[in-house]
Amino acid sequence: MAKHIITMIPGEGTGPEICEAVRMVIDASGVDIKWEYEDIGLDCLDKHGTLLPDKTIQSIAKNKVALKGPTTTPVGTGHKSANVTLRKVFDLYANVRPAKLIPVVKRPWDHIDILNFRENTEDCYAAIEHMVSDEVAQCLKVITWPGSYRIADFAFQWAKTHGRKKVFCVHKANIMKMTDGLFMDAFKEAAKKYPDIETGDVIVDNCCMQLVRNPAQFDCLVLPNLYGDILTDLCAGLVGGLGFAPGANVGDNCAIFEAVHGSAPKYAGLKKVNPSAVLISGIMMLRWLKEEQAANLIEKSMFAVLDEKKHVTYDVGGTAKTDEYAQAIVDKMGVMAGK
Amino acid sequence: MNFTAEAIKTRKKKDTKLVGVDVYIITEEGIPQFKEFGPFKCEFISNRGTKVWPGYVSPDLLMVNWYRCRFMATKDIQDADVTTFLEQFGQKWWWSAVQKLWTYDGEAGYSKAY
């Protein structure tokens, strides 16, 4: 029996080709993994009558860990987001999105290493929307004490175990005194358990300005869902774009690792896109599984391939296809491991 | 240009039809179970926006003491039916807010739960 059984959800658009490339790299690391492939997204509507089939839910519930490619969500109308459904079903309340400079990617900053902890289940994503008259739409922003406390507690605990020094709460409590005020109060309560960690708060608009002027000042940020969604894309832009922005959706007993970016359907089948974001998500997954050696090997090999610039994708100035970039990483892993 | 006046000119009136209610209740007794209330039948219950009835509920799911309960009408209803419903409903359940559900030109003016 394999040491790890992991649910692989290739997703839509460019997802399947990205996930194949990522699987090739992770398998080459030697970690003993059995992959269970499951479906999600629009194709499932035809096949199963739902975006998120029961079989996929059961596989994740059994395996507790999944690696997921991107899915497509229509804007304005149409079906619900499969991603949000997945996070809700498994109560994956912590969306961990690191923004760390990749040494060789062109960027205007010398140092960025920010860990974003986005509350993943509440806020305006509670899906409570109404047309309250024929010309007025309303969305309820739902913030709860336990939901806010646990994401803050999770972030502080993560910071403590990963040697981080500062955890700041991002909010708009000067305007939304009840909702964001509750989020900040819960953060401050959780902070009392961690006296060795520096804490503070910053208003979200000021945080955006500070991030583009001096991102090095930030260490860990805890954010409600909507601000977290927006600021983590901003942070991705600071470190080289969405091609290098990984993420983890974590609950108390289950974790799903996925890139921040979408499915880029116009590039589907072209094997053109950069799989690094899903690969870095896979590296996060390996660390979650305590496979530190394999994670380090893949990470160092990926950096080396990016540094050489010979086999990189178009977004970082190369011409390599998705699978050629992945093969270059596999080859580099062989060299680094002394094979 | 008076942009406010221009905006008001673009208003489009729609045909509105009452089809149900979202009732928000506070209870410490867990996921509620409902009988039918006249022409109103419970379609789903959500907690923090996540559907907790019917269907799969993660054993890890964080729930608070505030539930959204969607009741859809099983026949044509009027505002007076909502008033009657609330009188009956309020005898057993402590509700915090109610939102009428309308369709506009036949399209639902309310979201589904995740």
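Start by selecting strand S4 of chain B, residues 66–73: six of its eight residues are buried, so the strand is largely enclosed by the rest of the structure. Here "buried" means that 20 or more other C-beta atoms lie within 10 Å of a residue's own, "exposed" means 12 or fewer, and "partly exposed" covers what is in between, with C-beta atoms placed from the backbone. Helices (H or I, at least four residues) and strands (E, at least two) are DSSP runs, numbered from the N terminus.

Before you click on, a word on what you are viewing: this is a predicted model, in which local features need pLDDT of at least 70, side-chain atom pairs count only at pLDDT 80 or more, and totals for chains, interfaces and linings use all residues. Residues are numbered from 1 along each chain as its sequence is written, while chains are lettered from A and ligands numbered from 1 in the order in which they are written.

**Stop 1: the strands around S4(B)**

Keep S4(B) selected and add strand S1 of chain B, residues 16–26; the two pair in the antiparallel sense over seven bridges. (Strands count as paired if DSSP finds at least two bridges between them.) To find your place, select Tyr24(B), whose bridge partner in S4(B) is Arg68(B). Now add strand S2 of chain B, residues 40–47, which also pairs with S4(B) in the antiparallel sense over seven bridges. There, Cys42(B) stands opposite Phe71(B).

Go back to S1(B) and add strand S5 of chain B, residues 95–104: these pair in the antiparallel sense over nine bridges. Tyr24(B) is a landmark again, standing opposite Ala97(B) in S5(B). Follow S5(B) to strand S6 of chain B, residues 107–108, an antiparallel partner over two bridges, where Thr103(B) stands opposite Ala108(B). This hairpin has two residues between the strands, and Asp105(B) takes a positive phi near 50 degrees.

**Stop 2: where the chains meet**

Show both chains. The contact takes 27 residues from chain A and 23 residues from chain B; two residues are in contact if their C-beta atoms, placed from the backbone, lie within 7 Å. On the chain A side, the elements that give two or more residues are H4, strand S6 (129–133) and helix H5 (145–161). The largest share, four residues, comes from H4(A).

**Stop 3: the sheet of chain A**

Color the strands of chain A. You will find an open sheet of ten strands with mixed pairing, in the order S2-S1-S3-S12-S11-S4-S5-S10-S8-S9. Its edge strands are S2 (33–37) and S9 (198–203), each pairing on one side only. Next, pick out S4(A), residues 94–100, and S5(A), residues 113–119, which pair in the antiparallel sense over seven bridges. Ala99(A) has Ile114(A) in S5(A) as its bridge partner. Then select helix H7(A), residues 204–213: this helix packs on the sheet, touching S8 (166–171) and S9 of chain A, and its direction makes about 105 degrees with that of S9(A). Axes are lines fitted to C-alpha atoms, for helices over the stretch in contact, and angles run from 0 to 180 degrees between N-to-C directions.

**Stop 4: helix H3 of chain A**

Select residues 54–63, helix H3(A), and highlight the buried residues Thr56(A), Ile57(A) and Ile60(A). Seen down the axis of H3(A), the buried residues fall within an arc of 100 degrees, so they line one face of the helix; the arc is that of the directions from the helix axis to the C-beta atoms. They pack against S1 (4–9), S3 (65–68), helix H4 (82–89) and S12 (255–258) of chain A. Rotate to the face turned away from the buried side to see the exposed residues Asp54(A) and Lys62(A). Just after H3(A), Lys64(A) takes a positive phi of about 70 degrees.

**Stop 5: Gly262(A)**

Move to the loop between S12 and helix H9 (276–288) of chain A, where Gly262(A) is found. Gly262(A) is partly exposed, with 17 other C-beta atoms within 10 Å. Leaving aside neighbours within four places in sequence, Gly262(A) is in contact with Pro70(A) and Thr72(A).

**Last stop: two crossing helices**

Finally, select helix H10(A), residues 292–308, and helix H11(A), residues 322–336; their axes come within 8 Å and cross at roughly 115 degrees. Among the residues that meet here are Leu297(A) and Ile298(A) in H10(A), and Tyr325(A) and Ala328(A) in H11(A).
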